[in-house]
Amino acid sequence: MKNNIQEIFSEVPDTYEKINHILTFGLDVQWRKKLTKLAANSGGDKWVDMCSGTGETAANLHRASKNGTQVFAVDFTREMLLKAAEKPEGKHIRFVISDVKSLPFPDNQFDVVTISFATRNLNINKESLLKSFSEFHRILKPGGRFLNLETSQPKNRFIRSIFHFFVKLFVKPIGSKISGSTKGYTYLSATIPRFYNAEELSKILKEAGFAAVNVHSMMLGAAAIHESFKSTSNN
């Protein structure tokens, strides 16, 4: 039986990317490219995109990869991965249906783990998020890199209030109208204002075992890439 989040995402694969582009004025495309560049700079020959959805980031990773690099895309919603597989890059990506809290990979397998705009969905509570981050840490090779692209909270109170007002005013109405899923975009709009700020998320990543975290803040702090590393001393 699908849980609520699976049910929500099984309803929106056809319009998911379009809505993201509209609500971010296309900036999400640039942010994913920045994430991909950081991933490519990491090197290695085995990369995995978590909660990959319709595969935008996984497709970017394939395009940025060198010959011989394996790119995996993991999601627990079959409908989203079927949409991802339709992309031209899909034939080069290995799709895996799995809950990220219990991944079907051995320890120390990947050079890079990425996730884009899905960490909020893992944050049922802090313990749930820690479990997911710990799994990402487990499957990374020592010295491997985890890149997390997500909405964040601007430090400036005035800018933060404008950001939250924008989310309240536009995310649910526009998302619901285009996708036809009121339930889905009611949920998604509610997760943004209550998500962690950059410093709080950095602390959680360190609790999950990551040795160092760099934050790349974007759009005045409304979004951020957390670049975290697994210590070379981890076995």
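In this predicted model, Glu89 has a relative accessibility of 12%, and because buried means under 20% relative accessible area, Glu89 counts as buried. Its salt-bridge partner is Arg63, and the two side chains meet at 2.5 Å, N to O. The pair links distant parts of the chain, since Glu89 sits in the loop between α5 and β3 while Arg63 belongs to helix α4 (residues 56-64), 26 residues apart. Unlike Glu89, which is buried, Arg63 counts as exposed, with a relative accessibility of 51%.

Side chains of opposite charge can pair when their charged atoms come close. The structure holds 14 salt bridges, and the table lists some of them.

| Acidic residue | Basic residue | N to O distance |
|---|---|---|
| Glu17 | Lys87 | 2.5 Å |
| Glu89 | Arg63 | 2.5 Å |
| Glu207 | Lys126 | 2.9 Å |

The side chains of Glu17 and Lys87 meet in one of these salt bridges. Glu17 is part of helix α2 (residues 16-23), whereas Lys87 is found in the loop between α5 (78-85) and β3 (93-97), so this pair ties together parts that are 70 residues apart in sequence. Both Glu17 and Lys87 are buried.

What kind of elements does the salt bridge between Glu207 and Lys126 tie together? The side chains of these two residues meet at 2.9 Å, N to O, and because Glu207 lies in helix α10 (residues 198-207) and Lys126 in helix α7 (residues 126-139), the pair ties together two helices, in parts that are 81 residues apart in sequence. Glu207 is partly exposed, with a relative accessible area of 47%, and Lys126, at 31% relative accessibility, also counts as partly exposed. Elsewhere, Asp14, Lys83 and Glu86 are joined into one network by salt bridges that share partners.

The strands offer a second topic. In a regular strand the side chains alternate between the two faces of the sheet. Strand β1 (residues 46-50) is mostly covered, with 5 of its 5 residues buried, and this holds for both of its faces: Lys46, Val48 and Met50 are buried on one side, and Trp47 and Asp49 are buried on the other.

Strand β1 runs parallel to strand β2 (residues 70-75), to which it is joined by 4 bridges, and in β2 the bridge partner of Trp47 is Val71. Between these strands the chain crosses from β1 through α4 to β2, and this β-α-β crossover is right-handed. Strand β1 is also joined by 4 bridges to strand β4 (residues 110-116), and these two run parallel. In β4, Trp47 has Val112 as its bridge partner.

Definitions and conventions
Residues are numbered from 1 along each chain as its sequence is written. This is a predicted model: local features need pLDDT of at least 70, side-chain atom pairs count only at pLDDT 80 or more; totals for chains, interfaces and linings use all residues. Side-chain values use heavy atoms; hydrogens and water are left out. A salt bridge is a side-chain nitrogen of Lys or Arg within 4 Å of a carboxyl oxygen of Asp or Glu. Buried means under 20% relative accessible area, exposed over 50%, partly exposed in between (1.4 Å probe, protein chains only). Two strands pair if DSSP finds at least two bridges between them. A crossover is right-handed if, with the strands pointing away from the viewer, the path from the first strand over the helix to the second runs clockwise.
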